[in-house]
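Thanks for coming. I'll go through a few sites one at a time, so please have the sequence and the model open.

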Amino acid sequence: MQSWSDTAVPSIPGQGPPLRLYDTADRQVRPVTPGAEAKMYVCGITPYDATHLGHAATYLTFDIVNRLWRDAGHDVHYVQNVTDVDDPLFERADRDGEDWRDLGAREIALFREDMQALRVLPPRDYIGAVESIDEVIELVEKLLASGAAYVVDDAQFPDVYFRADATAEFGYESGYDRATMEKFFAERGGDPDRVGKRDPLDALLWRAVREGEPSWPSPFGPGRPGWHVECAAIALNRIGTGFDVQGGGSDLIFPHHEFSAAHAEATSGDGRFARHYVHTGMIGLDGEKMSKSRGNLVFVSKLRAENVDPAAIRLGLLAGHYRQDRAWTDEVLERAHTRLALWRAAAAVESAVSADDVVARLRQHLADDLDTPKALDALDAWASFAVEQGGSDTTAPGSFADAVDALLGVSLR
């Protein structure tokens with residue numbers, strides 16, 4: 001699958017402290033320690049609707065991680081999937097009388113446009129579920145052979161399920177108790193009441209063909225992939241196990257990330273799927289989480305169509321800490337526009353003070369679990385002083401602009 005176009009990243013002098021991130025599995029902030037190649041997998045969209053601000057906030061978070069790694073000299077291998085075969089896509093296509101493939105292709109194209117407008121650095125591997133069917137089948141075969149999976153006793157629909165008890169460590173990533181797992185499993189795409197399952201938490205690996213649904217041949221009958229196994233297969237075949245960061249929204253902690261890790265760990269025997277599990281907070285509107293069911297989504301493409309500067313969208317989302325649930329309001333966007341105007345003014349005038357110190361503080365705050373609120377405040381203070389005082393340092397504006405571009409992805413020129 002085609003990714004979006006790359007964005008040039010300025011090189012800035014010096015080096016910041018090592019990156020530390022909150023790990024969901026360990027419930028603490030701890031160092032991220034990649035080798036020469038930093039490896040990251042971030043779960044992508046199900047393309048049945050346009051990119052909303054919740055999506056954007058997640059991808060901006062991991063874009064900052066990508067930029068910090070590059071600033072530290074790492075070669076970044078970033079992988080992202082697209083769940084382009086799934087129930088929400090079929091339901092929307094059926095509702096609108098449209099072919100699910102056409103709907104998916106249109107929304108994927110719009111997502112790429114949104115990501116490029118927001119200056120999100122593209123993944124090296126951008127992989128759709130449809131193009132990874134053979135990889136999924138191979139992984140399901142391994143899970144069946146090892147006893148980690150089974151076929152339900154259903155002559156009409158012989159679905160394949162993963163045993164939740166297949167790995168001794170199941171539950172380590174989320175840390176949830178059984179009752180919480182059951183609650184989220186039922187709410188987030190699980191099928192606890194499926195007749196024939198050995199445990200209500202067992203997760204679907206391969207859905208046997210149903211009338212009106214797309215299917216692909218497999219040794220266990222025609223069908224299509226389950227949700228979690230898609231990400232496990234794609235990651236295993238691109239960056240293996242023990243990669244540095246698995247990322248996504250906090251609503252993916254369970255069941256999606258718990259099961260994708262368990263699927264991979266049940267076959268690899270190599271320990272943890274990812275060394276860090278990193279999750280972003282939810283974006284709300286008028287006191288409620290943005291969701292399709294509530295009808296309160298704010299779309300990036302709509303804001304762009306209203307001539308909202310994508311840099312302001314980016315700054316508005318970065319104004320809150322990535323792990324916090326937070327609100328999008330007119331005031332958030334207004335403050336972002338004001339901040340952007342200030343920074344652009346500072347990048348256009350000679351300064352009375354060098355930018356070296358503020359660049360160092362920018363790196364320091366971002367390395368501390370992506371503390372963008374403190375980073376933005378530090379940049380505000382420097383920019384205000386530069387605009388108010390003026391000066392004769394001709395290099396400071398360029399250094400300031402390059403650092404903001406390289407580390408925050410905001411162009412001031």
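**An annotated site, an arginine and a pocket**

At 1% relative accessibility, H256 counts as buried. Bear in mind that this is a predicted model. H256 sits in helix α7, residues 253–268. Its side chain has a polar contact with the side chain of H228, at 3.0 Å. Setting aside residues up to four places away in sequence, H256 touches C43, W227, H228 and C231.

Two of those names come up again in the annotation. An unreviewed UniProt entry places the feature "binding site" at C43, C231 and H256. These three span 214 residues in sequence, but no two of their C-alpha atoms are more than 9.5 Å apart, so they gather at one spot.

Now C43. Is C43 buried or exposed? C43 counts as buried, with a relative accessibility of 6%; the cut-off for buried is under 20%. C43 is in the loop between β3, residues 37–42, and α1. Again not counting residues up to four places away in sequence, C43 touches both of the other annotated residues, C231 and H256. Its list also includes Y59, Q80, N81, Q246, G247, L252 and H257.

Next, the arginine. R194 is found in the loop between α5, residues 178–187, and β8, residues 203–208. R194 has a relative accessible area of 17% and is therefore buried, since the cut-off is under 20%. What does the side chain of R194 reach? One partner is the backbone oxygen of F157, at 2.8 Å. The side chain of R194 also makes a polar contact with the side chain of D159, at 2.8 Å. Leaving aside neighbours within four places in sequence, the residues in contact with R194 are V152, D154, F157, D159, Y161 and R210.

Last, a pocket. The second largest pocket holds about 200 Å³ of space. It is lined by 14 residues, and those closest to its centre are P17, P18, L19, L68 and A72. Which elements give two or more residues to this lining? They are α1, residues 53–71, and α11, residues 356–367. Of the elements, α1 gives the most, with 3 residues. By type, the lining of the second largest pocket divides into 9 nonpolar, 3 polar and 2 charged residues.

One link back to the annotated site: the α1 that contributes to this lining is also the helix that follows the loop holding C43. That's what I have; I'll take questions.

Notes
Residues are numbered from 1 along each chain as its sequence is written. This is a predicted model: local features need pLDDT of at least 70, side-chain atom pairs count only at pLDDT 80 or more; totals for chains, interfaces and linings use all residues. Side-chain values use heavy atoms; hydrogens and water are left out. Helices (H or I, at least four residues) and strands (E, at least two) are DSSP runs, numbered from the N terminus. Buried means under 20% relative accessible area, exposed over 50%, partly exposed in between (1.4 Å probe, protein chains only). A polar contact is a pair of N or O atoms within 3.5 Å; within protein, one must be able to donate a hydrogen and the other to accept it, and residues adjacent in sequence count only if both atoms are side-chain atoms. Contact means heavy atoms within 4.5 Å. On a 1 Å grid over the protein atoms alone, a cavity is a set of points where a 1.4 Å probe fits but cannot get out, and a pocket is an open set with protein on both sides within 12 Å along at least five of seven lines; lining residues have an atom within 4 Å of a point. Grid points are joined across faces, edges and corners, and a volume is the space filled by probe spheres set on the points. Ala, Val, Leu, Ile, Met, Phe, Trp, Tyr, Cys and Pro count as nonpolar, Asp, Glu, Lys and Arg as charged, and the others, Gly among them, as polar. UniProt positions are given in the numbering used here, feature names are shortened, and annotations may be inferred rather than shown by experiment.
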